[in-house]
Amino acid sequence: MTKGHVVCIIDDDDAIREALRLLLYAGGLRSCVYESADAFLADTKPQAFDCMLLDIRMPGTDGLELFKILNRKHLPYPVIFITGHGDIPLAVSAIKQGAFDFLTKPFREGELLAKVRSAIEHFRTSRQHLVELQAIQSRLDSCTPRERDVLRLLAEGLPNKGIAEALGISPRTVEIHRAHVMDKMSADSLPALVKMVTLLEPEKN
């Protein structure tokens with residue numbers, strides 16, 4: 001699952017950076033390494049990566065501030081914070097703000113690899129979900145306002161007659177709009193259509 005994936009390591013401790021790099025390599029993962037958050041931010045062409053191991057305390061821009069910058073830029077990388085025992089409250093706070101997880105020094109090798117692999121899988125499924133949502137939204141945007149009205153009422157469970165009464169149109173017109181909606185949304189059944197609408201609803205709340 002993680003073959004070919006890249007983990008971004010940001011830590012100001014040379015020994016920890018090298019230990020993480022070797023551990024990830026032994027686990028079949030590649031890595032890109034930075035000695036500080038500022039070095040990462042200064043890189044105009046950073047290597048693409050799937051997960052970030054981020055030290056929470058560093059000189060200059062610290063890990064929490066970098067995490068906030070990534071969030072502001074809408075970069076959804078899963079971030080695993082590396083913390084000392086005294087930084088656990090900060091790490092917990094970061095998780096509440098969207099960080100994936102945290103590790104406390106010294107950490108067990110197996111635990112680190114397990115968390116990284118979990119984060120990569122989370123990132124993969126999140127990207128797939130985002131692509132799916134974007135495709136559904138694009139199809140929805142191709143519908144006319146009246147077709148979207150029909151779609152909304154179909155998703156609420158109304159039959160053709162009920163939709164016709166709600167919109168003040170004939171059942172035959174509803175059938176035509178319904179056929180257009182099914183075609184434009186690439187839905188092969190009403191349950192599939194309802195599922196699409198349900199997937200979009202959290203994005204609109």
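Strand E3 (residues 51-55) pairs with E4 in the parallel sense over 4 bridges, strands and helices being DSSP runs of at least two (E) and at least four residues (H or I), numbered from the N terminus, and pairing requiring at least two DSSP bridges. Within this pair, Ile80 of E4 is the bridge partner of Leu53. The connection from E3 to E4 passes through helix H3 (residues 63-72) in a right-handed β-α-β crossover, that is, a clockwise path from the first strand over the helix to the second with the strands pointing away from the viewer. The model is predicted, with pLDDT of at least 70 needed for local features and 80 or more for side-chain atom pairs, while totals for chains, interfaces and linings use all residues. Residues are numbered from 1 along each chain, and side-chain values use heavy atoms, without hydrogens or water.

E4 also runs parallel to strand E5 (residues 101-104), joined by 4 bridges; Thr83 has Thr104 as its bridge partner in E5. The crossover from E4 to E5, through helix H4 (residues 88-96), is likewise a right-handed β-α-β crossover.

The open sheet consists of 5 strands in the order E2-E1-E3-E4-E5, with parallel pairing. Strand E2 (30-34) and E5 are the edge strands, each pairing on one side only.

Strand E4 (residues 79-83) is largely enclosed by the rest of the structure, because 5 of its 5 residues are buried (under 20% relative accessible area, 1.4 Å probe, protein chains only). Both of its faces are covered, with Val79, Phe81 and Thr83 buried on one side and Ile80 and Ile82 on the other.

Technical notes
Buried < 20%, exposed > 50% of the residue type's maximum accessible area, 1.4 Å probe, protein only.
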